[in-house]
Amino acid sequence: RYHLLVPEFAPGKTFVYKYDGRVLGGLPQEGLAKAGVKISSKVLISSTSQNTFLLKLLEPQLFEYAGVWPQDSFIPATKLTSALKTQLVTPIKFEYSNGVVGKVFAPARVSSTVLNLHRGILNIFQLNLKQTQNVYELHEDGTQGVCKTHYTIREQFKPHQIAVTKSKDLTDCHERVIKDIGLAYTEKCVECQQRLKSLTGTATYKYIMKPIDDHALVSEATVEEVHEFSAFNTFNGAAQMRANQTLRLLEVQNKPTAPSNDQYSARGSLRYEFGSEILQTPIQLLKISNAQAQIVEVLQHLVEHNVAKVHEDAPLKYVQLVQLMRFATLENIEAIWAQYKAKPARRRWILDALAVMGTPVALKFINEKFQDDELTKPELIQALPVTLHMVTANPDTIRMTARQALNPKLKSIPLLREMIMLGYGSMIARYCAGVPSCPADLMKPIHDIVAGAISRADIREITLALKVLGNAGHPSSLKPIMKLLPGFGTAAANVPMRVQVDAVLALRRIAKREPNMVQSVALQLFMDKTLHPELRMVACILLFETKPSVALMSTLAGALEKEPSMQVTSFTYSHIKSLTRSMAPDFINVAAAANVAIRILNPKLNRLSFRFSRAFRYDLYLSPFLVGAAGSAFIINDGAHILPRAIVAKARAYLAGAASDVLEVGVRTEGLQQVLMKIQAGDENVDWMTKIKRIMKNWKSLLPTNLPLASMYMKLFGQEIAFAKIDKALIESVIEQVATGPRAQEIVKDIVSAMQTGIDRQYSKSLLPAEVRRILPTAVGLPMELSHYAAAVAVASINIHTTITPPLHEETITLDQLLKTNLQLRAETRPSVAMQTFTLIGVNTAVIQAAAMAKGKLHITVPGKLIVRADLPKRNFKVEVLPVAVPDHVATIRFETVAVARNIEDLPAQRVVSLAPPVPSDAPPSWIPALIQMSMCDVVPYIRMKACLDISSRNAGFIDSDLIYYIVGQHTARISVARVDGPALQRLELEVQLGPEAAEKLSKGISLVEAENSEETAILLKLRDILKAGMKTIQSNSMRPSSSISSNSSSSSSSSNSSSSSSSSSSSNALPPAIAIIARAVRTDRVLGYQLAAYVDKSTSRVQIVLSSIVKNYQWKICADGVLPSKHKIAAKLAWGKDCQEYSACAKVETGLQQSKLAARLKLKWDRLPEVLNILTIYTKRYTQQDQNNKCFALCQTDSYLLLDLLFDFLTSGHQITF
């Protein structure tokens, strides 16, 4: 029976169908607005030859929708229908055999957008019917790709009719037709979407088929397709896109349809074809007739409306400029550049737009201008790296970037060359993300650089090439990298260990694609105990990123039991321990394996101190919301050094089923360790100022010559974007340029010239920080788009005038002369920032748009006026902030959700409707009112300024209590600042005075009140003598118990007589302050503020700081006192309240040796604390009491390492804790 079901169209006849197709997007809740597009037409199908048929639309009509569904109706897009009528009614041809659509043919004048509408109709006739089964599954080709499809065939009760139902799972597709923009640096988290998916799709097709002779005819078909997306999978919070199609047979004519005389060409298959919608931004629709003229017009608007302050809609206008330039040709951009390159304001806007265009034209233009020396170095450094990360990655742009990276001209700009090289690797990574079979030939230029650099022993070039390979992450780079790893290549012996570390780190991105290949390399490095511990620990990081199995994790745990290096042991154990708590879905199996391994290891390893290398990982994942975050840090220590050898910190984010390493920062301090050791080895008896002078004089001898002082790198979204190395050569170059070389004199002249002539400039900077798009076809043939855009524009007007006394002659000026002048700088600036964000779901084509959109807008203006005075000979510095006129609102934030529909032929008639309908008068009350109008104001004390926050909101909470109803609508918040009645504020002042003159600047005398508590006074003032008495015992490798130190301190304090207290007080009063800092608020009626004085007594290694009010009779103070009797001891006291007598706390820290082991002791003591701090001390006591039975924690106990013990001893007598 089922052989009759094969659908066919008999030759010599025309089959006339009535067709309707519509797409609606928005939130699924009832009562909210939606946006959509509809097409209605008659469809004529006729045979032209065997297995080739003609499809023609008759009386097509297009409609658009923006309103509350289903109350409102579709509006005819009459002008658009007329403009596209010629294309719409042009017949297309298609191959059709046994219910399967083959190739599609159409004239060249039929655009991809119109042809996709035809494909939507043809997709209904795609039927893979089996003769022997009525329920079966298969993967069927269609407009969206090859997707899993379930068929059900059954006979109807009505005679001579058979019902066919097929259901498609659009999340289970091969060769899925989809276009992602801005997502190349994200990773698909398969484990994150095992239970819940951020994007789901399903389609159901229902057919009524009539058997006719030896075939069947589709007499009626309905299609319902649903797509749901939720970045945060809250209940009922998913945005939804619905596509519906109906096809009904009207009649069968006994004559064929006349074919067109056009020339037909093959236009692909049934699958959707992407067209101009890729260049068309979904947030606005532009009719581009003359791109060059329109660019000039937009440039003029941006320059004119962003002078004194930024226009609130400038970001949207900037996106418009970017879109126009994407449609422009290279010749158009060349002409615009030639016209405006001499005008700084327009030049900046052009370069900012070029950087984010993302087309090969932009890359080619910037490369040409670089060759012609038409761009400055700062312009190149800003524009070219951004262009490399934004441009479409394909073989042509990759080759273009490779030629630019190898350009000899870049040798004079090392920073720019490094950025281009790193961008080259990132471009390959983006290309390979879309084309997994990307050829290894793309990596050949970098592989050649690595080979050449190894033969020349060029360490700098090897390091750069490794970072490029790390960005690209291509598996073909594994062998070149392994040549630099010990045990794998002979070249490893000729490079320093830091290069070997870079080689291991370069494998991390390859490990994401080929974990098994990298895992064996990392394991071999880790297990090789002859290697440096740092290299092995970095190999451990790499190994865990390959997500090892339970067996491998257990192998690592067993290896740690016989591990000789405590650094490696501590690092690996802490890494495994941190993974046991992981909640991230992509590490769930690793966490399970880590829990098995941790049971094998000795729990005593958990007590190892921070002197040893450690790994940290903290993460959180909320499965119902598909959102999470993870932070990890790796601290690699060396027992022989003070600072860690290396620190790496990384932040990872999870959102909507994707994951990305958002930020990673790494620092190495190898050379800095040597410098600190040389400084520490100097004369211990000299004071710090003398040491600093000696360092400044002999700095060259301190710097290492064979390794950098420090190095660092930064990654964004897994791609290294910058790295820096500070070495002796760099420091010498900078000093020569700025201080001692011939350029130093020119720099001073330029500075003085700019100061004396003044600065009056306008600055602007525009950015497109986010452009994330996902485009996929619907059953109707219209593209569905999910997008998020963020654009920002900053504008600042700066006016600076400087007076120099005495005046300087620019021709003969020297730095010494400048340091003997009195400077007064008056500056006025008005910075303002505007930012707009757009998040939408809907239809986006070059001719029509219909979307549900969430729009955010931020506008901030913060004017300022100040005077800076610097009396350099007297070492007096003063900053005055003056009143300035402020706008009505210094900050405005708006958020609204709308449904918008518009077409290219009638843009003024676009329809924009709020997603939240008007609030009815009889709306029921809810926990959040549907209409909110409120204002909150407060006066800032002393300066007599009023700040107000005005909030207005209209939501749809009256419909339902779901959270989503309270989000949709319109919400606005404004911040305003104004003066209030009363004494006016004249200015704010901050003055700093250095040296002996500091005492003269203090508005009232400051003396330390310290004679009332003789015990605390003696601890601070006699501590040096007390502690010196115990130096001999410490030098003989012993330390007194904390109780004896405490009793000695107490007894010494008790024996202090009043004369010692008074003499010390008088000496402190006689000592002039080393620095005075005064902050004032000058009003018309009085002066308010605070002053800080710092006293330094070099003879006793004592520092005292007092903070007090400048208002008379106000006795509240903060007093801090510290003494450093030796490099092994430090004591400090903090007191505050009235004359510093109400509250106080003391602390003492000592280091030394106990039983030939390094030990440290911290002692805290207080008399009275505020209630908040008392709560803290209670928890501290509990913590110490819990460890009473374990007074000594062995942090590392091995013959080759020092022992650091933390001694916990809570003394119940008095408020005193000793650690």
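Leaving aside neighbours within four places in sequence, which residues is Leu321 in contact with? The first close-up answers that, and the other views move on through the rest of this predicted model.

**View 1. Leu321 and its surroundings.** Once neighbours within four places in sequence are set aside, Leu321 is in contact with Ile295, Val298, Leu299, Leu302, Trp349 and Ala353. Leu321 is also one of the residues with the most contacts inside the largest nonpolar core, a list that includes Met325, Leu354, Leu507 and Tyr654 as well. That core has 149 residues. At least three of its residues come from domain 2 (610-682 + 697-740), and at least three from domain 3 (772-864 + 885-917 + 930-981). As background, nonpolar side chains in soluble globular proteins tend to be buried together.

**View 2. A second core, and the disulfide at Cys147 and Cys173.** Separate from the core in View 1 is a second one of 88 residues, with Ile39, Leu127, Ile162 and Cys173 among them. Cys173 is also half of a disulfide, joined to Cys147 with an S to S distance of 2.0 Å. The link of Cys147 and Cys173 is right-handed, with 100° about the S-S bond. Cys147 sits in strand 8 (residues 145-155) and Cys173 in strand 9 (residues 162-174), so the pair, 26 residues apart, links distant parts of the chain. Both Cys147 and Cys173 are buried.

**View 3. The disulfide of Cys937 and Cys948.** Here the S to S distance between Cys937 and Cys948 is 2.1 Å. The torsion about the S-S bond is 115°, and the link of Cys937 and Cys948 is right-handed. Cys937 belongs to strand 31 (residues 931-940) and Cys948 to strand 32 (residues 945-955), with their positions 11 residues apart in sequence. Are the two cysteines buried or exposed? Cys937 counts as partly exposed because its relative accessibility is 45%, whereas Cys948 counts as buried at 10%.

**View 4. The disulfide of Cys1119 and Cys1140.** The sulfur atoms of Cys1119 and Cys1140 are 2.0 Å apart, forming a disulfide. The torsion about their S-S bond is about 80°, so this disulfide is right-handed. Cys1119 lies in strand 38 (residues 1116-1126), while Cys1140 is in the loop between strand 39 (1129-1138) and strand 40 (1143-1154), so the bond ties together parts that are 21 residues apart in sequence. Cys1119 is buried, with a relative accessible area of 10%, and Cys1140 is buried too, with a relative accessible area of 5%. Also worth picking out is Cys1146, which counts as buried because its relative accessibility is 11%.

**View 5. The disulfide pattern along the chain.** How many disulfides does the structure hold? There are 5. With the bonded cysteines numbered in sequence order, the pairing reads 1-2, 3-4, 5-6, 7-8, 9-10. Elsewhere in the chain, Cys540 counts as buried because its relative accessibility is 0%.

**View 6. Ser914 and Ala33.** Ser914 lies in strand 30 (residues 911-914). Ser914 counts as buried because its relative accessible area is 14%, under the 20% cut-off. Not counting residues up to four places away in sequence, Ser914 touches Ala33, Thr897, Val898, Arg954 and Gly969. Ala33 is the one to look for: Ser914 and Ala33 are 881 residues apart along the chain, yet their C-alpha atoms are separated by 6.8 Å.

**View 7. Where to trust the picture.** The mean pLDDT of the chain is 84, and 86% of its residues reach 70 or more. Confidence is highest in helix 2 (residues 112-122), at a mean of 96, and lowest in strand 44 (residues 1209-1211), at 30. Over residues 1008-1068 the pLDDT is below 50, and this stretch has 90 contacts in the model beyond near neighbours in sequence. Residues 1183-1219 also stay under 50, with 97 contacts beyond four places in sequence.

**View 8. Zooming back out.** The chain has 34 helices and 45 strands. Of its 1219 residues, 48% count as buried. Among contacts between residues at least 6 apart in sequence, 67% join residues at least 24 apart. The chain exposes about 56,500 Å², and carbon and sulfur atoms supply 57% of that area.

Notes:
Residues numbered from 1 in each chain as written. Heavy atoms only, no water. Helix = DSSP H or I, 4+ residues; strand = E, 2+ residues; numbered from the N terminus. Buried < 20%, exposed > 50% of the residue type's maximum accessible area, 1.4 Å probe, protein only. Contact = heavy atoms within 4.5 Å. Areas by Shrake-Rupley, 256 points an atom, 1.4 Å probe, with all protein chains shown as cover. Core = buried A, V, L, I, M, F, W, Y, C linked by side-chain atoms within 4.5 Å. Domains from an automatic or database assignment. pLDDT = per-residue confidence, 0-100. Disulfide = S-S within 2.5 Å.
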